[in-house]
Amino acid sequence: MDPHDVALPDPSEIAPHAIAFARMMFAHAAFEREVRSLVDAINPKKPGFGQRPENQWTPSESGTGKIMILLKHHRGSGLPQAEQIKSLLNEAIHPCRDRNFLAHGTWSCFNRRSLTLEVRSGEQWGSQLPSENRIYAISDILKLARKFKDLEAELYKLRRSLEPKMSEAEMRAASSFLRAPEQTTDTKTPD
């Protein structure tokens with residue numbers, strides 16, 4: 001064991017790691033929300049389609065395959081965005097696994113010299129895999145947050161390309177609605 005390792009560090013020592021972790025978790029939540037919105041856009045006829053458990057993506061190649069089957073079933077096989085969607089979802093698998101490792105593992109040791117955390121994997125039920133330890137610097141955790149933000153932005157663009165476009169008349173109506181001054185009615189009667 002390194003003399004700079006601390007098994008139970010003071011919380012203030014790992015505060016920057018915890019803040020980076022929170023940023024990563026918020027970025028992951030936004031990414032997951034965008035995946036659900038993308039699935040909603042695949043089948044816009046059924047509200048909440050992406051919220052249903054059977055339609056949700058899991059971070060695996062089989063999870064991506066499931067989304068591709070939904071896409072083909074509801075949008076046909078000639079959709080030009082299909083390969084991009086598949087690529088982005090597959091690209092998200094490894095960051096999601098890292099996120100799960102950080103979220104469900106044990107933050108077991110802090111090194112004061114290198115300012116890194118050692119995270120041990122939790123017990124993997126039904127698996128014969130040995131436990132695993134990984135080292136994370138603040139920059140590693142923030143890199144995951146940035147990756148989730150980038151993936152979310154790309155999925156947003158793809159989702160928007162699947163959604164129906166607004167006509168000129170609809171855009172003018174929406175624009176005039178946003179510019180209309182609020183009208184208030186005074187219900188008080190003069191004395």
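Q: Axes here are lines fitted to C-alpha atoms, and angles run from 0 to 180 degrees between N-to-C directions. In this predicted model, helix H1 (residues 15-42) and helix H4 (residues 93-104) pack at an angle of about 135 degrees. Why is H1 called oblique to H4?
A: Try the other labels and see what's left. Roughly parallel needs an angle under 35 degrees, roughly perpendicular needs 65 to 115, and roughly antiparallel needs over 145. An angle of about 135 degrees fits none of those, so H1 is oblique to H4. Their axes are 11 Å apart, and the crossing is left-handed.

Q: What makes the contact of H1 with H4 count as seven nonpolar, one polar and one charged residues?
A: Go through the names. H1 brings Phe21, Met24, Met25, His28 and Phe31, while H4 brings Cys96, Arg99, Leu102 and Ala103. Arg99 is the charged one, since Arg is on the charged list. His28 is polar because His is on neither the nonpolar nor the charged list. The rest of the names are on the nonpolar list, which gives the seven.

Q: How do you know which way H1 runs relative to helix H5 (residues 138-162)?
A: Their axes cross at roughly 15 degrees and come within 8 Å. The cut-off for roughly parallel is under 35 degrees, so H1 is roughly parallel to H5. H1 passes H5 in a left-handed crossing. By class, this contact has 20 nonpolar, three polar and five charged residues.

Q: Which residues does phenylalanine 21 touch, not counting residues up to four places away in sequence?
A: Phenylalanine 21 is found in helix H1, and it touches Leu102, Ala103, Trp107 and Ile141. What counts as touching is heavy atoms within 4.5 Å. Phenylalanine 21 and alanine 145 are 124 residues apart in sequence, yet 8.3 Å apart in space, C-alpha to C-alpha.

Q: Why is isoleucine 138 called partly exposed?
A: Its relative accessible area is 25%. Buried would take under 20% and exposed would take over 50%, so isoleucine 138 falls in between and is partly exposed. You'll find it in helix H5. Leaving aside its neighbours within four places in sequence, isoleucine 138 is in contact with Pro16, His17 and Ala20. Its C-alpha atom and that of alanine 18 are separated by 8.8 Å, with their places 120 residues apart along the chain.

Q: Now for another helix pair: helix H2 (residues 61-75) and helix H3 (residues 82-91) pack at an angle of about 155 degrees. What makes H2 roughly antiparallel to H3?
A: Roughly antiparallel means over 145 degrees, and the angle here is about 155 degrees, so the label fits. The axes are 9 Å apart, and H2 passes H3 in a right-handed crossing. Glu61, Thr64, Ile67, Met68 and Leu71 of H2 meet Ala82, Ile85, Lys86, Leu89 and Asn90 of H3. Sorted by class, that contact has six nonpolar, two polar and two charged residues. The charged ones are Glu61 and Lys86, because Glu and Lys are both on the charged list.

Q: Is alanine 82 buried or exposed, and how do you know?
A: Its relative accessible area is 16%. Buried means under 20%, so alanine 82 is buried. This residue of helix H3 is in contact with Met68 and Leu71, leaving aside its neighbours within four places in sequence.

Q: How do you know how many disulfides the structure holds?
A: You'd look for a pair of cysteine sulfur atoms within 2.5 Å. The structure holds zero disulfides, so no pair meets that cut-off. Cysteine 96, at 1% relative accessible area, and cysteine 109, at 10%, are both buried, because buried means under 20%.

Q: What is notable about phi of leucine 115?
A: Phi is near 55 degrees, a positive value in a residue other than glycine. Leucine 115 lies in the loop between strand E2 (106-111) and strand E3 (116-120). At 46% relative accessibility it counts as partly exposed, because exposed would need over 50%.

Q: What elements make up the protein chain?
A: There are six helices and four strands. From the N terminus on, they run β-α-α-α-α-β-β-β-α-α. Buried residues make up 34% of the 191 residues.

Methods: Residues are numbered from 1 along each chain as its sequence is written. This is a predicted model: local features need pLDDT of at least 70, side-chain atom pairs count only at pLDDT 80 or more; totals for chains, interfaces and linings use all residues. Side-chain values use heavy atoms; hydrogens and water are left out. Helices (H or I, at least four residues) and strands (E, at least two) are DSSP runs, numbered from the N terminus. A crossing is left-handed if the near helix is turned anticlockwise from the far one by less than a right angle, and right-handed if clockwise. Buried means under 20% relative accessible area, exposed over 50%, partly exposed in between (1.4 Å probe, protein chains only).
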